[in-house]
Amino acid sequence: MKKAILAAGALTACMNAWAVTPGTHWEYFGAAGPENWAKLTPEFHSCGGQNQSPVNLDGFIEAELAPLKVDYAAGASEAANNGHTVQVSYEPGSTLELDGTSFQLIQFHFHMPSENQIKGRSYPLEGHLVHADEKGNLAVVAVMFEEGERNAMLANLWGTPPVEGQKQPISPRQNIRDMLPADLDYYRFNGSLTTPPCSEGVRWLVLKQPVVASHEQIEALTKAVGHANNRPLQPLNARVVLQ
């Protein structure tokens, strides 16, 4: 019981870390845009760090990356629009095993267009699956979307994405594994949150195989948020991208 309480506390802290600092306004453009995030409040100082995300994935280093081990259940329970993205809350019990540690899936959300690029290529939509271990360390699985056929999983999440400030239940609950490609080969790099407070030390796992969504579905998400919500690319500096 004590371990479960500690884990819940760490996950709560992690979710709070992912959220914006209360009372601090930030945007994707203008005076409160990405180039000024680090100046808005001391809590956002990491936004000017050396290991920031997103990046252009290129210049790969060959490595023996272990296959991704995911054990996801039907836990997508509520969609919410916070004005910066459409985010889906995930019920406890779905995990990613990485580096000998279990990371619990806590939420996933979307960026239009993609934040990361692969060999200089941008995609119209990118999904981020945010996981945390018992200590609050983060791992993000990123999946790229190409424009194509209607995505059944997105259709099951909502008829129309929630508008800013709105929440809507997802019933029945959905399994995010149904949105991912069958092949979970990935690139890996160390980075940060792509939104304030831009905390570093995040393990990024970007799936090599994209999935598809219709033009209408991508447009609906963009319209719900009201603007593009991708942070500009950040320099790799001394980091490497493993494949």
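These are my notebook entries on selected residues and residue pairs in a predicted model.

**Entry 1. Confidence**

I began with the confidence values of this predicted structure. The mean pLDDT of the protein is 92, and 91% of the residues reach 70 or more. I then looked up where the values fall low. Over residues 1-21 the pLDDT stays under 50. For that stretch the model has 34 contacts beyond four places in sequence.

**Entry 2. Disulfide**

How many disulfides does the count come to? I recorded one disulfide. It joins Cys47 to Cys198, with an S to S distance of 2.1 Å. I noted the positions of both cysteines: Cys47 is in the loop between helix 2 (37-40) and strand 1 (56-57), and Cys198 is in the loop between strand 11 (186-192) and strand 12 (200-207). The pair thus links distant parts of the chain, 151 residues apart. I looked up the torsion about the S-S bond of Cys47 and Cys198 and found about 80°, so this disulfide is right-handed. Are the two cysteines buried or exposed? Both Cys47 and Cys198 are buried.

**Entry 3. Salt bridges around Asp99**

I turned next to charged pairs. Side chains of opposite charge can pair when their charged atoms come close. The structure holds three salt bridges.

Arg188 forms a salt bridge with Asp99, and the closest N and O atoms are 2.7 Å apart. Arg188 lies in strand 11, whereas Asp99 lies in the loop between strand 5 (95-98) and strand 6 (101-111), so this pair ties together parts that are 89 residues apart in sequence. I recorded a relative accessibility of 15% for Arg188, which therefore counts as buried. Asp99 has a relative accessibility of 47% and therefore counts as partly exposed.

Asp99 also forms a salt bridge with Arg203, where the closest N and O atoms are 2.6 Å apart. Arg203 is in strand 12, and Asp99 and Arg203 are 104 residues apart, so I noted this as another link between distant parts of the chain. Asp99, Arg188 and Arg203 are linked in a network of salt bridges.

**Entry 4. Arg121 and Glu146**

I looked up the pair formed by Arg121 and Glu146. These residues form a salt bridge whose closest N and O atoms are 2.9 Å apart. Arg121 is in the loop between strand 7 (117-118) and strand 8, and Glu146 is in strand 9 (residues 138-147), 25 residues apart. Arg121 has a relative accessible area of 42% and is partly exposed. Glu146 is partly exposed with a relative accessible area of 25%.

**Entry 5. Ala213, with Glu146 again**

I placed Ala213 in strand 13 (residues 211-213). Ala213 is buried, with a relative accessible area of 0%. The C-alpha atoms of Ala213 and Glu146 are separated by 6.4 Å, although the two residues are 67 residues apart along the chain. Which residues is Ala213 in contact with, leaving aside its neighbours within four places in sequence? I listed Phe145, Glu146, Glu147, Gly148, Glu149, Asn151, Leu154 and Ile218.

**Entry 6. Asp133**

I found Asp133 in the loop between strand 8 and strand 9. Asp133 is buried yet has no salt bridge. The nearest side chain of opposite charge is that of Arg203, 4.9 Å away. A salt bridge requires the atoms to be within 4 Å. I then looked up polar partners for Asp133. Its side chain reaches the backbone nitrogen of Lys135 at 2.9 Å. A polar atom of the Asp133 side chain also lies 2.8 Å from the backbone nitrogen of Asn137.

**Entry 7. His131**

I closed with His131, which is in strand 8 (residues 125-132). His131 is buried, with a relative accessible area of 0%. What does the side chain of His131 reach? I recorded the backbone oxygen of Leu129, at 3.1 Å. Leaving aside neighbours within four places in sequence, His131 is in contact with Tyr72, Leu96, Phe103, Gln104, Leu105, Asn137, Leu138, Ala139 and Val141. Asn137 therefore appears in two entries, as a contact of His131 and as a backbone partner of the Asp133 side chain.

Notes:
Residues are numbered from 1 along each chain as its sequence is written. Side-chain values use heavy atoms; hydrogens and water are left out. Helices (H or I, at least four residues) and strands (E, at least two) are DSSP runs, numbered from the N terminus. Buried means under 20% relative accessible area, exposed over 50%, partly exposed in between (1.4 Å probe, protein chains only). A polar contact is a pair of N or O atoms within 3.5 Å; within protein, one must be able to donate a hydrogen and the other to accept it, and residues adjacent in sequence count only if both atoms are side-chain atoms. Contact means heavy atoms within 4.5 Å. A disulfide is a pair of cysteine sulfur atoms within 2.5 Å. pLDDT is the predictor's confidence in each residue, from 0 to 100. Lys and Arg count as positive and Asp and Glu as negative; His and the chain ends are not counted.
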